[in-house]
Amino acid sequence: MVKTMQWQGKSLTLLDQTKLPLEITTILCHDYRRVGEAIKRLEVRGAPAIGAAAAFAMVLGWQELMDACPKATATTLLPAFEKTKAELIATRPTAVNLAWAVEKIYTLALTLPEESAAAVALTLETLANQIYEDDINVNKRIGINGAALLPKKAKVLTHCNAGALATCGWGTALGVVRQAFVDGKLAMVYADETRPLLQGARLTAWELEEDGIPVTLITDNMAAWTMQTQQLDAVIVGADRIAANGDTANKIGTYGVALAAKHHRIPFYIAAPISTFDFSLADGGHIPIEERDAMEVKQLQGVVTAPQQAKVFNPAFDVTPSDLITGIITEYGVLSAPYVENIKKLQNKLQEED
Ligand code: MRU
């Protein structure tokens, strides 16, 4: 299975996802700014993957501050470290895993004011590694919980890429698919190509092909017809942010897929870790939606496909209302309606565990 990133102690190597599937190349990041750039440019993408990459970026940020003032105490570095945190959070606004991971690292630094900067660097590095490792384990648990929902010979449709490439390994929506494949109950994955940047075609189809998992690529405008003609058993997608009422932000186009699934009475599942929940937001109306450069719509892989003066609306995500969602598959089990109550119960349970 493909590796999205590798930490080397003083640098982070990222698989360049903008080049896939034509080229398998990596980017060596020696400082947090380059990791931030990679997140902006989608060289690393997918909510859990950008969370882990940003956690390692925070460690690089701390190391840089420490190297500039070797005798400084941890307390003196904190104001500058807060700026590093803010810069990284600003790189992509929708996926909450990014803010979740950098806040975790920053909060840990806050608790160690008396430690030497070097000791703090080691503790932060341990936490970043932990965030990375935990993500893989969490995805495995999501996979088991989700595969249990599928019938034998399951046909599943997915949108964008919520696979090993979007995480630290295994995947969320594709983690469910991988587990169903291991269990011998997966007949076919239909992958939406996912305009404008083709994460479904370039990444999902590639990732599944690489691992011998049956995949059929469709363009986005084929999803409803595929539902009507191909006897699908489920739609499973990932998430970038889930509000306290279950409304879910995911790659643009997910909302339309959910509407079509509802019409065809096909169960529509979100697969996501707890780090993707934003309990502070009452509903999806409060989720910030990233808008990206118009050229992503007016070009396809660098080839101009529209008049250059054409006005463009390019939201990178949409919000699927929770009443279209059959279940949210997490590492703690599958949540279903009533979401407000059930998400609150899960939040309380997590607080008790802390
Ligand atoms: O713009 P992207 O490619 O980062 O969007 C990715 C998605 O929308 C994924 O479905 C989501 O981040 C979940 S990844 C496990």
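I began by fixing terms: two strands pair if DSSP finds at least two bridges between them, and helices (H or I, at least four residues) and strands (E, at least two) are DSSP runs numbered from the N terminus. I kept in mind that this is a predicted model, in which local features need pLDDT of at least 70, side-chain atom pairs count only at pLDDT 80 or more, and totals for chains, interfaces and linings use all residues. Residues are numbered from 1 along each chain as its sequence is written, and side-chain values use heavy atoms, with hydrogens and water left out.

Sheet. I looked up S7 (residues 234-237) and S10 (residues 268-271), which pair in the parallel sense over three bridges; Val 235 has Phe 268 as its bridge partner in S10. Both strands belong to an open, mixed sheet of seven strands, ordered S6-S5-S4-S7-S10-S15-S16. Strands S6 (215-218) and S16 (333-335) are at the edges with a single partner strand each, so one side of each is left without a neighbour in the sheet.

Ligand. I then found that 17 residues surround the ligand (a heavy atom within 4 Å of it), the closest being Arg 45, Arg 92, Asp 240, Asn 250 and Lys 251. I noted oxygen atoms of the ligand at 2.9 Å from a side-chain N or O atom of Arg 45, at 2.9 Å from a backbone N or O atom of Ala 47, and at 2.8 Å from a side-chain N or O atom of Asp 240. Taken alone the ligand exposes 410 Å² (Shrake-Rupley method, 1.4 Å probe), and the protein buries 99% of that.

Terms used
Polar contact = N/O pair within 3.5 Å; in protein donor to acceptor, adjacent residues only side chain to side chain.
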